Amino acid sequence: MKNPTLKSENTVLSVENLCVDFEIKGKQVQILSDISFSLERGKTLGIIGESGCGKSMTALALMRMIPSPPGRISAGRVVLKGEDLAQASEKRIRDIRGGEISMIFQEPMTSLNPVFTIGNQIVEAIRRHKDIGKSEAWKEATDLLDIVHIPAPNRRVHEYPHQLSGGMRQRVMIAIALACEPTVLIADEPTTALDVTVQAQIFDLLNEIQKDRGTCIILITHDFGAVAEMADRVLVMYAGHKIEEGTLDEIIDSARHPYTQGLLRSMPEIKVDPGDIRESLAEIPGVVPDLLHLPEGCPFAPRCSFVMAQCQDLPHYMDLGDNRSVKCWLAQEDSRTKEQA
Amino acid sequence: MATALFQRIIYGMVLILAVIVLNFLLIQAAPGDVVDVLVTEAGGGDPEIAAQIRASYGLDQPVYVQLAKYLGNMLTGDLGYSYYRDESVLELLLSHLPSTLILTLSALLFAIFIGTMLGIYAATRPQGVTNHMVTIFSLLGYATPVFWMGMMLMLVFSLYIPIFPSFGFRSIPAPETMLPRILDILHHLVLPTFTLSILFLAGYSRLSRASMLDVLGADYIRTARSKGLSEFVVIFKHALKNASLPVVTIAGLQLGQIFSGAVIVETLFSLPGIGPLLYDSITNHDYPVMMGVLFGTAVTVVVANILTDLVYRLLDPRIRGIS
């Protein structure tokens, strides 16, 4: 299968036909199937999908942090500035982690080690990748806390995680991730565990960092609101497949895959005056399939309201031009009827 | 921190006082006393002579008077006098303490260190053969009676392959100079230490394995790996400090036993420790010695608890805030 993703000169990271297998009960199960995308300097890619669709696994695969065993990258390339990380040595990949690619996680409450000061945990990241002295690293750590807008950084740097609120801890995580000026920052549901007002602050912070430093951000989320806030491009995932990709506007205004359309419809609209009749929220019927018992063909077929005979075969990536693609027979039908017309 | 420590020490002293009073009353309630033993050993008894001896030792006075005197003496550091051995209890304890302390402390430290290493090794290779080996070995070590283990080791390493002495604390005559003297004592303590530590070791390896497995699944371990840290730093810095809390708890409990926790092993290897002293004092109704050993045990338990508390505070900043 040909990779439909076009590459430009600004491409920093490109993922090509990435597949990840897990061995579950002696059976090889494909967790990620043929994922491709590329990331341009200073841009944000949003990866969106339900729980268990493989979006976090994609992030872990980029850093080669998939728990192994049982998991392994079975095919594909992860090319960062011309270097294939899927083939890199263990030592090289440790230099990449935290140095070139950093990650912030969903749970700020548990992502920091409770028995070390936050300063210690930032300094550790700095000194792992930069050859500088202790006092200099501590100064840098204090500066980083200032950059992520933590008040009184001189005092906070000596505090322990339990003395900070959830939003503050996520800022500390961002400070750690920024410690070595990474090329790519992966944010795995960075605001899911936080209050709505704090969420907005974190997004503002990430946007600000991107503007100042030109960092590429991969935002992993299940929330279209978050994607709309941050992303330039959007990749929609379902059951380990990339099912649609495009710019933010293309996805929101003209989603082609029934699943993407369903996701968009299931977002509540806030109206100033809801009136007497509240519209009930659209939902996608059914549940995410068990990866152990995936249906033949298109994984979304059992839940799809447009399902047809052809869906028993896995659809190809349909290149819609301009780096936009969709993995659905319906889109192929559409373009064929257009051609005929 | 300082106030908390002060509070712990005050509580500890109250507790020790309670233990002393309780011991004293319990022993008073038991039938027979040292005079009975002395008279029996002297070949039988004139009740008048027995009464005379009791009067001279002050044993004819009411219980509360005896208790008050005992407590008063304790305050001056006088733990009483062994009528049976004709020696002061404090001196007896001090002369028997070194052997016991060397034995129990080295067994405990050996067990903590090796047990934790085994636990970490097994936990980091959950799929491996070593993991199962450690589990099986731990269960066996836990289930084996100490006296049997001691006798088997004695049989193999003193009789069949005579590389270690099977009894005693030092050779007779003991070497003249300092260094050979120390080496001689250590040589004698190898088998007893190993015997005693097997039981401890089994516990620590299981405990640290479980605790390590738990911690290695934590989010902050993933964070540590995502910084590019080596697996060594991840395990020995980030995981170990968190995983060591349960180990410290158990070590603290066992530290309380170092004073009198080796009775079986000491008896088996004929070591001149606190264990045999306690055993003899019980069979001979030598109550002052018995109470002395129990007092020492109580003090050790209290001190061990305070130490555990301090180590906890050192390891976990979240506990520091609570007093």
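Me: What is a nonpolar core, and which residues touch the most other members of the largest one here?

Reply: A nonpolar core is a set of buried residues such as Ala, Leu, Ile and Phe, joined through C-beta atoms within 7 Å. In this predicted model, the largest such core has 103 residues, and those touching the most other members are A:Ile122, A:Ala175, A:Ala179, A:Ile186, A:Ala187, A:Ile218 and A:Leu219. Helix α7 of chain A, residues 166-178, gives the largest share of this core, namely eight residues.

Me: Which residues is A:Ile122 in contact with, if we leave aside its neighbours within four places in sequence?

Reply: Once those neighbours are set aside, the contacts of A:Ile122 are A:Ala141, A:Leu144, A:Ala175, A:Ile176 and A:Ala179. There is also a second core, separate from the one just described, with 46 residues, including B:Phe200 and B:Met291.

Me: How many helices and strands does chain B have, and what percentage of its residues is buried?

Reply: Chain B has 14 helices and two strands, and of its 323 residues 33% are buried. Among the contacts in chain B with a separation of 6 or more, 73% join residues 24 or more positions apart.

Me: How can I read a bend in a helix, and where does the kink in α8(B) lie?

Reply: One careful way is to set the span of a helix beside that of a straight one. A straight helix of 39 residues would span 57 Å, whereas helix α8 of chain B, residues 178-216, spans only 47 Å between its end C-alpha atoms. Within α8(B), a kink of about 40 degrees lies at B:Leu189, shortly before the proline B:Pro192.

Terms used. Residues numbered from 1 in each chain as written. Chains lettered and ligands numbered in written order. Predicted model: local features only at pLDDT ≥ 70, side-chain atom pairs only at ≥ 80, totals over all residues. Buried ≥ 20, exposed ≤ 12 C-beta atoms within 10 Å, placed from the backbone. Helix = DSSP H or I, 4+ residues; strand = E, 2+ residues; numbered from the N terminus. Contact = placed C-beta atoms within 7 Å. Expected span 1.5 Å × (residues − 1). Bend = angle between axes of the 7 residues up to and from the residue.
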